[in-house]
Amino acid sequence: MRSATDGEPVPGDLTARARIRDAAIACVARNGVTVPLRTIAAESGVSASLIVHHFGSRAGLRDHCDNYVLERIHTLKVAALGPAGAHVLREQIDHIEAYASLVGYVLRSLQAGGPIATGFLDRLVADTENYLADAVTAGTVTPSLDPAGRARALVELAVGALVLQLPGPGEPLDLDALPAWLRAYTDRMTLPLLELYTRPLLTDSTLLDGYLTAGTPST
């Protein structure tokens, strides 16, 4: 039988990796990106050396978690913008509490500032641009004059208000209270946001036309 070091996981290996990954996501959400590896090890019920065995290093674990969280967000967004979007969105809203750790992980990553926040935000924006482009092709999203700019604006608007609700970088986030808070936030924001995205706020294009006629500001 091949071992994990040969490139194929032994039976149970993926389960252990998933347990460590989920524990790391919860620990980052609760304590921030500087959470000690030993805390993640205790949360997942393994040794720190086993974490290093699976992921190579703390940075390797962080990269794995980043990829997983971004992939989960991508999957959820693509499904909500697909042909069965109304049903899928309703299902996601009905189970919004289940995404509390993912939301906490994203917000802690952005709260960290510096290269960690910039890199994670850039990847989130790029992925948003990609799935919006697919939705434009599918006919469920309106084309944009500036696809990259629209994607960045949507991401920054979506996470900006949430980041303001976080405790300080060194203060723990109550994961037990986060699901209920996320439920209340979702219930409060879903209708106005869907209306804003579906029915234009402005009744005509006067402001946009004037802006385009004057030329965009230099950067």
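These exercises work through the helices, core and selected residues of a predicted model.

Local features need pLDDT of at least 70, side-chain atom pairs count only at pLDDT 80 or more, and totals for chains, interfaces and linings use all residues. Residues are numbered from 1 along each chain as its sequence is written, and side-chain values use heavy atoms, with hydrogens and water left out.

**Exercise 1. Describe the overall fold.**

Step 1. Count the elements. The protein chain has 10 helices and zero strands. Helices (H or I, at least four residues) and strands (E, at least two) are DSSP runs, numbered from the N terminus.

Step 2. Take the dimensions. Along the principal axes, the C-alpha atoms fill a box of roughly 65 × 40 × 40 Å.

Step 3. Check burial. The chain has 219 residues, and 32% of them count as buried. Buried means under 20% relative accessible area, exposed over 50%, partly exposed in between (1.4 Å probe, protein chains only).

Step 4. Check contact range. Take contacts (heavy atoms within 4.5 Å) between residues at least 6 apart in sequence; 65% of these join residues at least 24 apart.

**Exercise 2. Find the largest nonpolar core and the helices that supply it.**

Step 1. Apply the rule. A nonpolar core is a set of buried Ala, Val, Leu, Ile, Met, Phe, Trp, Tyr and Cys residues joined through side-chain atoms within 4.5 Å.

Step 2. Read off the result. The largest such core has 47 residues. Those with the most contacts inside it include Ile 40, Ile 51, Tyr 105 and Phe 120.

Step 3. Assign the elements. Among those giving two or more residues are helix 1 (13–31), helix 4 (58–80), helix 7 (114–138) and helix 9 (178–198).

Step 4. Inspect Tyr 105. Beyond its neighbours within four places in sequence, Tyr 105 is in contact with residues including Ile 25, Val 28, Val 69 and Phe 120.

**Exercise 3. Which residues of helix 2 are buried, and which exposed residues does the face turned away carry?**

Step 1. List the buried set. Leu 37, Ile 40, Ala 41 and Ser 44 are buried in helix 2.

Step 2. Test for a face. Down the axis, these buried residues fall within an arc of 100°, so they line one face of the helix. The arc is that of the directions from the helix axis to the C-beta atoms.

Step 3. Turn to the face away from the buried side. Arg 38 and Ala 42 are its exposed residues. Ala 42 counts as exposed because its relative accessibility is 60%.

Step 4. Look past the end. Just after helix 2, Gly 45 takes a positive phi of about 75°.

**Exercise 4. Repeat the analysis for helix 3.**

Step 1. List the buried set: Ile 51, His 54 and Phe 55.

Step 2. Apply the arc test. They cover only 80° around the axis, which puts them on the same side of helix 3.

Step 3. Look past the end. Gly 56, just after helix 3, has a positive phi of about 85°.

**Exercise 5. Classify Arg 21 and Tyr 99, and name their contacts.**

Step 1. Place them. Arg 21 is in helix 1. Tyr 99 sits in the loop between helix 5 (85–94) and helix 6.

Step 2. Classify them. Arg 21 is buried, at 14% relative accessible area. Tyr 99 is buried, at 16%.

Step 3. Find partners, leaving out residues up to four places away in sequence. Arg 21 touches His 64, Cys 65 and Tyr 68. Tyr 99 touches Arg 72, Leu 76, Gln 92 and Leu 182.
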